[in-house]
Amino acid sequence: MGLLSFFRFRKLKREDVVESIVKLEKQQQEIEDGIVDKEAHIQELLAKGKKEKSQEIRLMYAKQINYLKEQKTRDAKRGMYLTYNINMMNKLKDAMEDKEFFTTSSKIQLNKLLADQKGLARYLNKALKVRIKEEDVLTNADETFNEVASMYEDNDTIYGAGKTDDQLLAMFEEGDAADELETIQNIDEKGEAALLSKTFEETDNGTI
């Protein structure tokens with residue numbers, strides 16, 4: 001069974017895997033679009049329910065909404081299953097591409113030099129000594145740069161905040177404060193509207 005499975009994978013082509021991934025992604029996109037449509041329908045029914053006076057019709061909307069929510073949950077699970085499936089297929093594709101890449105790279109003539117481990121070790125040791133010598137030069141130069149740069153101070157005329165800059169900064173802060181106040185007012189207005197809506201609903205239901 002193991003040998004049979006091995007040969008099955010050997011005969012597998014990258015194009016077949018890519019085709020499967022495309023089909024799965026298309027199916028996943030259809031599910032995602034369906035979830036978006038159901039959510040839009042739910043919001044539409046919620047809006048209708050808030051405006052509706054009839055208790056029976058409100059109940060009908062509520063049942064429709066609950067059913068749509070169940071469908072959304074089902075679709076979301078199917079979408080997650082497809083996502084996991086797509087991830088696995090992509091891993092398989094990556095493995096096939098890696099195999100092709102390393103097989104092709106190993107056939108390059110220069111790569112055969114790496115097979116001479118002793119010669120490679122001697123070369124690397126010599127290269128390392130050259131590298132250390134050159135790095136020491138750079139390190140010393142870097143320390144000189146840092147030493148000189150540490151004595152430099154920013155020119156406040158160029159980089160600091162002048163009088164007109166401060167005025168603009170203050171205006172920006174006032175704008176931020178005004179935006180925050182407007183946001184708070186909008187929240188308060190929405191809260192009052194929600195309270196009035198709730199009061200009207202309770203009145204319709206005879207609770208007040």
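Partly exposed, as the term is used here, means a relative accessible area between the 20% under which a residue is buried and the 50% over which it is exposed. F101 falls in that middle band because its relative accessible area is 49%. F102 comes out at 53% relative accessibility, so this residue counts as exposed. Both values come from a predicted model, and the rest of the picture should be taken in that light.

On overall architecture, there is not much variety to report. The protein chain holds six helices and zero strands, and read from the N terminus the order is simply α-α-α-α-α-α. The chain has 208 residues, of which 12% count as buried.

As for confidence, the mean pLDDT of the protein chain is 81, with 76% of the residues at 70 or more. Among the elements, helix α2 (residues 14–51) has the highest mean, 94, while helix α6 (residues 163–205) sits at the other end with the lowest, 63. Where pLDDT is low, the predicted coordinates should not be read in detail.

Back to the phenylalanines. The count of aromatic pairs comes to one. That pair is F101 with F102, an edge-to-face arrangement with 5.0 Å from centre to centre and 80 degrees between the planes. The edge-to-face label applies because the angle of 80 degrees is over the 60 that the class requires.

Helix α3 turns up repeatedly in the side-chain details. This helix spans residues 55–106 and includes R58; T104 lies in α3 as well. R58 counts as buried, because its relative accessibility is 15% and the cut-off for burial is under 20%. Its side chain reaches the backbone oxygen of G49 at 3.3 Å, and G49 falls within the residue range of α2, 14–51. T104 is partly exposed, since its relative accessible area is 42%. The side chain of T104 also finds a backbone oxygen, in this case that of E100, at 2.8 Å.

Then there is the largest pocket, which takes in about 340 Å³ of space. Its lining is made up of 11 residues, and those nearest the centre are F9, R10, L12, M96 and K99. Which helix gives the most to this lining? That would be α3, with six residues. Helix α1 (2–11) contributes too: α1 and α3 each supply at least two of the lining residues. In chemical terms the lining splits into six nonpolar residues and five charged ones, with no polar residues in the mix. Of the residues nearest the centre, F9, L12 and M96 belong to the nonpolar class, while R10 and K99 belong to the charged one.

Taken together, α3 is a recurring element: R58 and T104 lie in this helix, and α3 gives the most to the lining of the largest pocket.

Notes: Residues numbered from 1 in each chain as written. Heavy atoms only, no water. Helix = DSSP H or I, 4+ residues; strand = E, 2+ residues; numbered from the N terminus. Buried < 20%, exposed > 50% of the residue type's maximum accessible area, 1.4 Å probe, protein only. Polar contact = N/O pair within 3.5 Å; in protein donor to acceptor, adjacent residues only side chain to side chain. 1 Å grid on protein atoms, 1.4 Å probe; cavity = no way out; pocket = protein on both sides within 12 Å on 5 of 7 lines; lining within 4 Å. Points joined across faces, edges and corners; volume = space filled by probe spheres on them. pLDDT = per-residue confidence, 0-100. Phe/Tyr/Trp six-rings, centres within 6.5 Å; stacked < 30°, edge-to-face > 60°.
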